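Me: I would like a close look at a single part of this protein, set against the whole chain. Please take one element, go through its residues with care, and then follow the threads that lead away from there.

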Amino acid sequence: MVNFNRKMVRVDKNKCIGCGACIATCGEVFELKDGKSYVKKGQENSKAPCVKEAVDGCPVQAISG
Ligand code: SF4
């Protein structure tokens, strides 16, 4: 069952252009691998304030969280 109260942080790999902005903004949650941003293991449910900054700062709106 899906818990709608728990927002998952995720990166749309089809949109991500690997600019690195989210890593610079929120390196505790995101990492760059092979030119794409990934949510670090164990950070999928992160409530870190910088996640929102990363969402707002992504030039191609690839991050949801
Ligand atoms: Fe990819 Fe957006 Fe992060 Fe840039 S800011 S690396 S486009 S997810």
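Reply: One residue to begin from is Cys50, which is found in helix α2. At 10% relative accessibility, Cys50 counts as buried, and beyond its neighbours up to four places away in sequence it touches Thr25, Cys26 and Glu28. Another cysteine, Cys16, is 34 residues from Cys50 in sequence, and the two C-alpha atoms are 18 Å apart in space. Cys16 leads on to the part that I will treat most closely, strand β3, since it appears again among the contacts of Ser37.

Before that, a word on the whole, which is a predicted model. The protein has two helices and four strands, and from the N terminus on these elements follow one another as β-α-β-β-α-β. For 65 residues, a compact globule would have a radius of gyration near 11 Å, and the value for the protein, 11 Å, agrees with that. Along the principal axes, the C-alpha trace spans about 35 × 25 × 20 Å. Of the 65 residues, 28% count as buried, while the accessible surface comes to about 4500 Å², with 52% of that area belonging to carbon and sulfur atoms. Among the contacts with a separation of 6 or more, 54% join residues that are 24 or more positions apart. As for charge, there are 11 positive and 7 negative side chains, and the centres of the two sets lie 5 Å apart.

Now to strand β3, which covers residues 36-39 and includes Ser37. In a regular strand the side chains alternate between the two faces of the sheet. In β3 the covered face holds Ser37 and Val39, whereas Lys36 and Tyr38 make up the uncovered one. Ser37 has a relative accessible area of 3% and is therefore buried, the cut-off being under 20%. The residues that Ser37 touches, leaving out those up to four places away in sequence, are Val11, Lys13, Cys16, Cys22, Ile23, Phe30, Glu31 and Leu32.

Of these contacts, Leu32 also stands opposite Ser37 in the pairing of strands. Strand β2, residues 30-33, pairs with β3 in the antiparallel sense, and four bridges join the two. A further bridge partnership within this pair is that of Lys33 with Lys36 in β3, and Lys36 belongs to the uncovered face of that strand.

Between the two strands the hairpin has two residues, and one position there, Asp34, takes a positive phi near 50°. Asp34 lies in the loop between β2 and β3, and its relative accessibility of 79% is the reason it counts as exposed. Most residues other than glycine have a negative phi, and most peptide bonds are trans. The positive phi of Asp34 is thus a point to check by eye, in a residue other than glycine.

A second residue with a positive phi, about 50°, although not a glycine, is Gln61. Gln61 is found in the loop between α2 and β4, and with a relative accessible area of 55% it is exposed. The loop that holds Gln61 also holds Val60, and it runs between α2, residues 49-57, and β4, residues 63-64. Val60 is partly exposed, with a relative accessible area of 25%. Apart from neighbours within four places in sequence, Val60 is in contact with Lys15, Cys16 and Ile17. Val60 and Lys47 are 13 residues apart in sequence, and from C-alpha to C-alpha they are 22 Å apart in space.

Drawing the threads together, Cys16 is in contact with Val60 and is also one of the residues touched by Ser37, while Cys50 in helix α2 has its C-alpha 18 Å from that of Cys16. In β3 itself, then, one can follow Ser37 on the covered face to its opposite residue, Leu32, and Lys36 on the uncovered face to its bridge partner, Lys33, with the exposed Asp34 placed in the loop between β2 and β3.

Definitions and conventions
Residues numbered from 1 in each chain as written. Predicted model: local features only at pLDDT ≥ 70, side-chain atom pairs only at ≥ 80, totals over all residues. Heavy atoms only, no water. Rg over C-alpha atoms; globule rule 2.2 N^0.38 Å. Buried < 20%, exposed > 50% of the residue type's maximum accessible area, 1.4 Å probe, protein only. Contact = heavy atoms within 4.5 Å. Areas by Shrake-Rupley, 256 points an atom, 1.4 Å probe, with all protein chains shown as cover. Lys, Arg positive; Asp, Glu negative; His and termini not counted. Charge placed at Lys NZ, Arg CZ, Asp CG, Glu CD. Pairing = 2+ DSSP bridges.
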